[in-house]
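Please open the model in your viewer and keep the selection panel at hand. The stops below proceed from a surface feature to helix packing and then to the loops.

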Amino acid sequence: MSYSLQKKVIIWSFLFIPVALMLLFLIYPTLQLFHYSVTNWDGYSESLKYIGFDNYKKLIFDFPDAWQAIGNNGIYFIVHLLFIPIEVMTAVLLNRTIRGSSFFRFTVLMPYIINGIAVAYMFSYIYNPVNGPLNELLKWMGLESLITGWLSNLSIVNYSLVAVSLWRFSGVHIILILAGLQSIPTDLYEAAKMDGAGFWTQLRHITLPGIRRVMEIILFLNISGALLQYDIPYVMTGGGPGTASSTFGLFSLQTAFTYNNYGLASAMAVSLLILIICFSSIQNWIIKDRSES
């Protein structure tokens with residue numbers, strides 16, 4: 001056997017297992033998802049009926065709750081997006097040689113390490129309207145006017161849940177930004193200081209361009225995380241009061257496992273996939289356009 005043939009055999013041998021796993025657990029389920037989305041399958045019957053794009057039509061025109069759920073996902077996206085500048089500034093401060101910076105790096109990552117269900121139960125206790133720590137703190141500070149049912153008030157329930165999401169996921173964003181900051185050569189900052197550039201000038205012309213690729217990843221995580229959000233509202237409110245805090249992911253799960261409409265739930269999952277691809281493409285185009293101008 002020639003050397004080139006041996007090389008090809010070794011390469012294909014190492015690639016076989018990961019490619020097979022990808023086909024088995026990613027490609028095949030995705031194709032099945034598209035397949036079920038054009039049927040009326042209930043999840044357990046052996047037979048199913050092809051109904052074309054009726055599920056998609058029903059989702060667009062006959063499900064106002066689905067649009068409300070998408071709006072709730074939008075709240076997660078917008079709030080996380082507005083919080084990114086704070087995450088950048090926090091990472092810039094942690095990147096400096098300040099006392100206890102290693103401890104703070106571990107601290108900001110800790111919420112992401114904790115199990116999501118545990119986080120949801122912890123904040124359910126914090127938001128408890130009867131002797132909950134948050135309301136007790138407001139009472140102790142003399143701010144009784146701010147005391148409310150954080151998970152039962154229709155006007156603020158989504159923001160209460162978004163605060164939990166911020167607490168859990170902002171830390172990993174900060175760590176990613178910090179990794180991007182540490183990849184920027186220090187020579188650039190030293191040269192900028194010699195030219196008289198201040199902190200904000202360095203941030204604009206060195207730091208932000210240097211972490212652009214990291215920001216693309218964070219924005220993608222923001223889009224996908226916002227659209228796929230379901231565990232926090234599921235555990236803390238169950239989508240309530242009513243459907244006020246239901247997200248599209250939670251609505252999809254309820255459609256499949258509560259109402260046994262797997263065809264419609266599959267159409268919702270396909271719609272989520274398309275939305276993530278579209279928003280990510282738009283985001284990448286905007287970032288690329290701004291960097292080249």
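**A guided tour of the predicted model**

Begin by selecting Leu 15, which is placed in helix α1, residues 3-36. The structure displayed is a predicted model. Leu 15 has a relative accessible area of 38%; it is partly exposed because this value falls between the limits of 20% and 50%.

Next, extend the selection to Ile 11, Trp 12, Val 19, Met 22, Leu 23, Leu 26, Ile 27 and Leu 31. Together with Leu 15, these residues form a nonpolar patch on the surface, and their joint accessible area is about 850 Å².

Keep Leu 26 selected and add Leu 146, which lies in the loop between α6 (133-140) and α7. How far apart are the C-alpha atoms of Leu 146 and Leu 26? The separation is 47 Å, for two residues that are 120 residues apart along the chain. Leu 146 counts as partly exposed, at 47% relative accessibility.

**Helix pairs**

Two packed helices are described by the angle between their axes and by the distance between those axes.

Select helix α5 (residues 116-126) together with helix α7 (residues 157-182). Their axes cross at roughly 135° and come within 11 Å. That angle makes α5 oblique to α7. The crossing in which α5 passes α7 is right-handed.

Then move to helix α8 (residues 186-194) and helix α9 (residues 199-210), which pack with their axes 11 Å apart at an angle of about 150°. Why is α8 described as roughly antiparallel to α9? The description applies because angles over 145 degrees count as roughly antiparallel, and the α8 and α9 pair is at about 150°. α8 likewise passes α9 in a right-handed crossing.

**Backbone details in the loops**

Select Asn 131 in the loop between α5 and α6. Its phi is near 60°, a positive value in a residue other than glycine. Is Asn 131 buried or exposed? With 58% relative accessibility, Asn 131 counts as exposed.

Proceed to Gly 240 and Pro 241, which are joined by a cis peptide bond with omega of about 0°. Pro 241 belongs to the loop between α11 (231-236) and α12 (248-258).

Finish at Asn 260, located in the loop between α12 and α13 (262-292). Asn 260 is not a glycine, yet its phi is positive, at about 55°. Its relative accessibility of 34% places Asn 260 among residues counted as partly exposed.

How values were computed:
Residues numbered from 1 in each chain as written. Predicted model: local features only at pLDDT ≥ 70, side-chain atom pairs only at ≥ 80, totals over all residues. Heavy atoms only, no water. Patch = residues over 30% accessible without salt bridge, like charges linked within 9 Å, V, L, I, M, F, W, Y side chains within 5 Å. Areas by Shrake-Rupley, 256 points an atom, 1.4 Å probe, with all protein chains shown as cover. Salt bridge = Lys/Arg side-chain N within 4 Å of Asp/Glu carboxyl O. Helix = DSSP H or I, 4+ residues; strand = E, 2+ residues; numbered from the N terminus. Buried < 20%, exposed > 50% of the residue type's maximum accessible area, 1.4 Å probe, protein only. Axes fitted to C-alpha atoms, helices over the stretch in contact; angles between N-to-C directions. Parallel < 35°, antiparallel > 145°, perpendicular 65-115°, else oblique. Left-handed = near helix turned anticlockwise from the far one by under 90°.
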